[in-house]
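This short walk looks at cysteines and enclosed spaces in a protein structure. Please have the sequence and the 3D view at hand.

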Amino acid sequence: MKIDLFITCLNDALFPQTGLAMARLLRRLGHQVRFNEAQTCCGQMHFNTGYQREALPLIRKFVNDFRNAEVIVAPSGSCVAFVRDLYPKAAEWAGDDDLLREVTELGKRTYELSEFLIKVLKVEDVGAYYPHRVTYHPTCHAARLLRVGDAPLRLLKNVRGLTLVELPASEQCCGFGGTFSVKNPETSTAMLADKVQSVMSTGAECCTAGDNSCLMHIGGGLSRLQSGVGVVHLAEILASTESMSAGSSETIGAMQVSAEALL
Amino acid sequence: MSAGGIHPARPFPEAARDTLQDAQMRRNLKHATTTIREKRFRAVAELPDWEALRTRGAELKDAALSDLAEQLLTLETAVKRRGGQVHWARDAAEACRIVTDLAASHGAREIIKVKSITSDEIELNAALEKRGIQAIETDLAELIVQLAGDTPSHILVPAIHKNRAEIRDLFRRKLGAELLTDEPKVLAEAARLYLREKFLSTKVAVSGANFAIAESGTVCIVESEGNGRMCLTLPDVLISVMGIEKVLPQWADIAPFMQLLPRSSTAERMNPYTSFWSGVTPGDGPQEFHLVLLDNGRTDVLADEAARQTLRCIRCSACLNVCPVYERAGGHAYGSVYPGPIGAILTPQLLQLEDENANTLPWASSLCGACYDACPVKINIPEILIYLRGQITPHKSHNLENTVESIAMKTAAWIFNEPFRFEGALKLARTGQGPLVQHGAIHALPGLLGGWTSSRNLPPFPAKSFRELWREEGQNDE
């Protein structure tokens with residue numbers, strides 16, 4: 001299959017290793033991947049914060065950039081949910097019927113990585129090897145908007161060497177919420193405190209999820225507490241193999257490195 | 001006083017900063033919402049057709065709202081036919097005037113109240129007090145809040161922020177009750193003794209309404225304690241204040257709500273008391289019945305196609321109990337009798353998006369979506385939050401914070417509109433972040449972003465962005 005990578009702006013800027021891991025994984029599964037360099041940002045931050053006038057050109061741009069894609073896959077439940085769920089709303093609220101038709105069509109071809117693997121490619125074992133104790137945080141948009149369900153867990157259960165430990169109150173939001181964490185920092189922090197406590201209670205070496213935004217938040221809290229617990233994107237776990245993991249823990253995310261540096 | 005109204009005194013972030021300091025309140029809330037969440041999950045799981053029921057509930061409310069004017073006129077005719085009187089109130093002031101005039105015309109010094117949230121919306125208690133009439137709340141939790149001189153912090157459990165020991169002390173102080181323990185039974189008994197006397201001696205009652213049935217002119221209240229039954233049957237005069245969105249066309253429509261409401265609100269299969277009354281019946285119950293139909297901003301909500309579904313709300317409070325923001329910040333942070341996710345969309349809309357403080361409420365959400373999942377009438381609260389943000393943002397007053405945010409957002413959009421600008425900005429950021437990075441992480445950011453780093457570290461921009469690495473090592477497959 002010819003897959004267009006939708007590398008979200010956050011991944012592009014701060015977590016390039018996640019996009020590379022996703023590309024590596026999809027290639028290993030026998031698919032062709034393509035990154036259209038014209039893409040930048042889906043417009044979620046603007047739209048969700050109230051800058052809908054500014055978001056519309058970004059939405060139109062996304063549609064142009066991905067118009068010819070056979071299938072679009074992103075390492076982010078949140079951005080995919082935005083494209084699938086809210087692009088149609090954006091078009092509707094702007095009264096643009098042509099855009100509405102186009103984004104409805106586009107939404108059907110846009111997938112979050114774990115749902116793409118399970119629902120479209122129908123693979124549960126991607127041949128990964130990751131010898132660590134890991135807990136999984138289901139991010140809100142993947143869980144509630146995309147309904148990816150247990151897709152990430154099924155993938156993780158088939159990773160060799162990996163010990164999956166259950167996260168208490170996993171369905172609770174980590175408190176990131178994009179600009180929510182900036183506009184309501186105290187409430188966001190109170191939510192984060194509980195999430196970080198839950199993660200630490202599992203005794204996991206790292207927390208994984210399908211969204212670097214949530215992981216950046218949780219990781220930021222874990223790092224501030226010098227917990228020694230890292231965060232790592234699901235794509236990086238699924239992309240790693242025995243040869244890669246040997247003698248290296250580079251895939252346990254940048255945040256753990258910084259936490260170790262603090263210790 | 002439980003009359004809190006819907007005008008927040010402060011912006012949400014500011015109010016939440018204070019409420020978050022109250023560790024006892026946070027523990028009480030966490031305990032209460034966790035318990036009810038789990039109970040509700042079980043109660044809902046018992047029904048095999050819950051999703052179909054939700055859809056039915058949403059459809060029925062939408063149908064009623066689609067020809068609301070007609071339904072209300074039918075309701076008016078039916079109520080009058082059965083000997084009741086109907087009053088139309090455009091706003092809070094008009095509704096208060098109607099009720100206080102009625103109470104005063106009967107020489108009432110005290111009135112009893114049940115299901116008061118709509119009357120709290122219009123700040124009825126304060127209006128009555130100005131006319132020398134004391135309103136007595138008869139819902140146990142409302143009574144607690146009233147005695148404490150507090151405001152409700154939850155739609156269904158207004159005293160959710162208080163624990164048993166706090167309530168025992170309050171009853172000792174205010175009711176002079178000799179309470180040896182803080183057992184719920186003992187506390188309830190103390191309230192019962194106090195209230196019974198009021199039920200038997202008060203001639204005028206004010207109630208809210210859960211539903212009204214247009215075809216028969218019937219008003220309905222769903223409750224747990226029996227105080228509603230007392231208020232609706234014992235006094236001579238009954239005045240019901242009802243938001244105009246509560247009307248349903250016919251009797252059959254009410255059945256799904258009798259399943260949806262108790263399970264969503266109290267996690268019960270059926271609530272203990274459901275009362276229906278139509279007009280007056282000679283020799284039985286109140287001999288005078290007044291129905292006050294309150295608009296107070298609702299027709300404006302109705303006129304907005306994108307946000308209209310807000311009016312489906314049946315005030316069950318399921319969205320509050322699952323909301324992580326509500327659980328931490330508490331109901332008082334919302335500054336309105338409608339707290340939590342539904343309050344965050346309802347309050348600013350009722351105020352026509354003109355209230356500076358209420359207009360911070362649509363941002364009091366991480367958009368996690370738990371409220372939408374829980375809503376028994378499928379109100380897509382996250383979507384409406386986003387819609388309202390879009391409506392409010394262009395009109396936000398230009399204080400420094402809003403100006404800085406607006407410039408930042410517009411600049412970011414400009415950058416994102418061209419990939420070369422984005423790449424350039426990343427390179428700039430990488431160079432500029434130098435002094436902020438310590439031990440591989442950013443621990444403090446300046447300006448608006450400072451709140452983030454008060455409790456969280458940020459990863460620094462890496463040496464190369466994805467697009468740069470892709471050019472070097474990825475390359476497209478052809």
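The text below takes up the cysteines, then the cavities, of what is a predicted model.

Begin with the cysteines. How many disulfides does a search of the whole structure find? Over all chains, the search finds zero. One cysteine to look at is B:C313, which is in no disulfide. From B:C313, the nearest cysteine sulfur belongs to B:C316 and is 6.6 Å away. The side of B:C316 can also be viewed from B:C375, whose closest cysteine sulfur is that in B:C316. The distance there is 6.3 Å, which is too far for a bond, because a disulfide needs a pair of cysteine sulfur atoms within 2.5 Å.

Are B:C313 and B:C375 buried or exposed? B:C313 has a relative accessible area of 7% and is buried. B:C375 also counts as buried, at 7% relative accessibility. Both values fall in the buried class because that class takes in relative accessible areas under 20%.

Now turn to the enclosed spaces. The count comes to six cavities of 30 Å³ or more. In the largest cavity there is about 100 Å³ of space. Its lining is made up of 16 residues. Those nearest the centre of this cavity are B:C323, B:P324, B:P341, B:S365 and B:C371.

Which elements give two or more residues to this lining? They are α15 (324-329), α16 (340-350) and α17 (370-374), in chain B. The largest share, three residues, comes from α16(B). By residue type, the lining of the largest cavity holds twelve nonpolar and four polar residues, and no charged ones.

How values were computed:
Residues are numbered from 1 along each chain as its sequence is written. Chains are lettered from A and ligands numbered from 1 in the order in which they are written. This is a predicted model: local features need pLDDT of at least 70, side-chain atom pairs count only at pLDDT 80 or more; totals for chains, interfaces and linings use all residues. Side-chain values use heavy atoms; hydrogens and water are left out. Buried means under 20% relative accessible area, exposed over 50%, partly exposed in between (1.4 Å probe, protein chains only). On a 1 Å grid over the protein atoms alone, a cavity is a set of points where a 1.4 Å probe fits but cannot get out, and a pocket is an open set with protein on both sides within 12 Å along at least five of seven lines; lining residues have an atom within 4 Å of a point. Grid points are joined across faces, edges and corners, and a volume is the space filled by probe spheres set on the points. Helices (H or I, at least four residues) and strands (E, at least two) are DSSP runs, numbered from the N terminus. Ala, Val, Leu, Ile, Met, Phe, Trp, Tyr, Cys and Pro count as nonpolar, Asp, Glu, Lys and Arg as charged, and the others, Gly among them, as polar.
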